[in-house]
Amino acid sequence: MTKNSSPFKSILFVGNHLSQFGANVGTSEILAEKLRQENWNVLLTSHKKNKLFRLLDMLLTIFLKRESFAVAKIDVFSGLAFIWAYLSGRLLTLLHKPYILTLHGGNLPSFSAKYSRPVMRLLSGAKAVTAPSEYLVQKMEPYYTGIRLITNGIDYNKYQGFARPDNGSTLLWLRAFHGIYNPELCPKFLAKLKNQGLIVDMIMIGPDKGDGSLNKTIELAESLCVMDQIKIVPGIPKDEVPHALSQGDIFINSTNVDNIPVSLIEAMASGLPIVTTNVGGVPWLVEDGVDGLLVPPDDPDAMANAVKEILTHSEFAARLSANARKKAENYDWSNILPQWEQLFYETIQVSIS
């Protein structure tokens, strides 16, 4: 069976596809669109906002559309989202439909250590398991042998690596207002810089996830007298991210738990010097002192010192920028999409042979 003659170019993506409700566009949604451009038929479940309805929609779609897809791809996260992945995998097994798993989230290894039996049962039923980072490949190896590394992709040419002034001092933060991303670290280290005589502006872009982090960040910034230095912008459409990144001079990643966030890869492609916490899979992406600076999580002094180093050493900042942009080339979709297509073809061919 050749690629061009295959009648089975149909895939069901199972996961949280909630961008229409203001959530960030997930990597699976982007991959689905890239595959459609290559003439794949891709079904997505679920777009339901309510968590119970989302689970029901996933299971109903799997059952009712079982003759409409050749293979399913399931996103696997920790927490409640794991239940959806687990039940979807069990139903697909009962229906004799092959599935591929994609592991996500910096918290998945610790979750798997606590719930090893259901994790191993889900993974053992997959035709293939993928992960977007070497971090997850290594940490999840005890539960499945042969995890396939396929990194997240970006449209590299959309990120122009804009030239920035040597004295540019606008910091950019692009995540979501939720506790795991620790947005409250930002006013803390801004206050540290202010006490050292460095007053810098910061743009914080991200949707409010509703856990109180946004209000806490604002209240903290006001109490530390740095709110006038912070501009808060709600989540933006994916196609506006390159322009947003061009407005900053240094990229800040304050997260407490992480894998390899696409926002970091996008910042690298934009030529932004990066200061990021060294959690999860981040050290597998950012090499300290080469294409970014790594600091311990929730350490405002370390974050402030790293930002100061970039602000006061323009040649060092330029070197970080150039190295980061060069590394980001590896994550262009022209390199990533063929890996997905090959995996889908292999899985489909094995399942029908």
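**Entry 1: the second largest cavity**

I began with the second largest cavity, and its volume comes to about 60 Å³. I keep in mind that this is a predicted model. Which residues line this cavity? I listed Val14, Gly15, Asn16, Met58, Ile74, Asp75, Phe77, Ala81, Trp84 and Ala85. Two elements give two or more residues each to this lining, namely strand 3 (71–76) and helix 3 (80–94). Helix 3 has the largest share, with three residues. I then sorted the lining by class and found seven nonpolar, two polar and one charged.

**Entry 2: the largest cavity**

Next I asked how many cavities of 30 Å³ or more there are. The count is three. A reminder to myself on the idea behind this: rolling a probe the size of a water molecule over the atoms shows where empty space is left.

The largest cavity has a volume of about 100 Å³. I counted 13 residues in its lining, and Thr27, Leu31, Thr151, Asn152 and Trp340 are the ones nearest its centre. Helix 1 (27–37) and helix 14 (333–352) each give at least two residues to this lining. Helix 1 supplies the largest share, three residues. By class, I noted five nonpolar, seven polar and one charged residue around the largest cavity.

**Entry 3: a patch on the surface**

I turned to the outside and found a nonpolar patch made of Leu52, Phe53, Leu56, Leu60, Phe63 and Leu64. Together these residues have about 620 Å² of accessible area. I picked out Leu56, which sits in helix 2 (residues 51–64). Why does Leu56 count as partly exposed? Its relative accessible area is 42%, and the partly exposed class runs between the buried limit of under 20% and the exposed limit of over 50%.

**Entry 4: salt bridges**

Side chains of opposite charge can pair when their charged atoms come close. I found 10 salt bridges in the structure, and I looked up a few of them.

My first pick was Glu346 with Arg148, a salt bridge with an N to O distance of 2.9 Å. Glu346 belongs to helix 14 and Arg148 to strand 6 (residues 148–149), so this pair links distant parts of the chain, 198 residues apart. Glu346 is partly exposed at 30% relative accessibility, and Arg148 is partly exposed at 28%.

Then I took Asp258 and Arg175, whose closest N and O atoms are 2.7 Å apart. Asp258 is in the loop between strand 10 (250–253) and helix 10 (262–269), while Arg175 is in the loop between strand 7 (170–174) and helix 7 (185–195). The two residues are 83 apart along the chain. Are they buried or exposed? I noted both Asp258 and Arg175 as buried.

The next pair was Lys192 and Asp301, with 3.5 Å between the closest N and O atoms. Lys192 is in helix 7 and Asp301 in helix 12 (residues 300–312), so the salt bridge ties together parts that are 109 residues apart in sequence. Lys192 is partly exposed, at 32% relative accessibility, and Asp301 is partly exposed too, with a relative accessible area of 40%.

Last, I asked which residues are joined into one network by salt bridges that share partners. I wrote down Lys34, Asp155 and Lys158.

How values were computed: Residues are numbered from 1 along each chain as its sequence is written. This is a predicted model: local features need pLDDT of at least 70, side-chain atom pairs count only at pLDDT 80 or more; totals for chains, interfaces and linings use all residues. Side-chain values use heavy atoms; hydrogens and water are left out. On a 1 Å grid over the protein atoms alone, a cavity is a set of points where a 1.4 Å probe fits but cannot get out, and a pocket is an open set with protein on both sides within 12 Å along at least five of seven lines; lining residues have an atom within 4 Å of a point. Grid points are joined across faces, edges and corners, and a volume is the space filled by probe spheres set on the points. Helices (H or I, at least four residues) and strands (E, at least two) are DSSP runs, numbered from the N terminus. Ala, Val, Leu, Ile, Met, Phe, Trp, Tyr, Cys and Pro count as nonpolar, Asp, Glu, Lys and Arg as charged, and the others, Gly among them, as polar. Patches are made of residues with over 30% relative accessible area and no salt bridge: like charges are joined within 9 Å, nonpolar side chains (Val, Leu, Ile, Met, Phe, Trp, Tyr) within 5 Å. Accessible areas come from the Shrake-Rupley method with a 1.4 Å probe; for residues, only the protein chains shown count as cover. A salt bridge is a side-chain nitrogen of Lys or Arg within 4 Å of a carboxyl oxygen of Asp or Glu. Buried means under 20% relative accessible area, exposed over 50%, partly exposed in between (1.4 Å probe, protein chains only).
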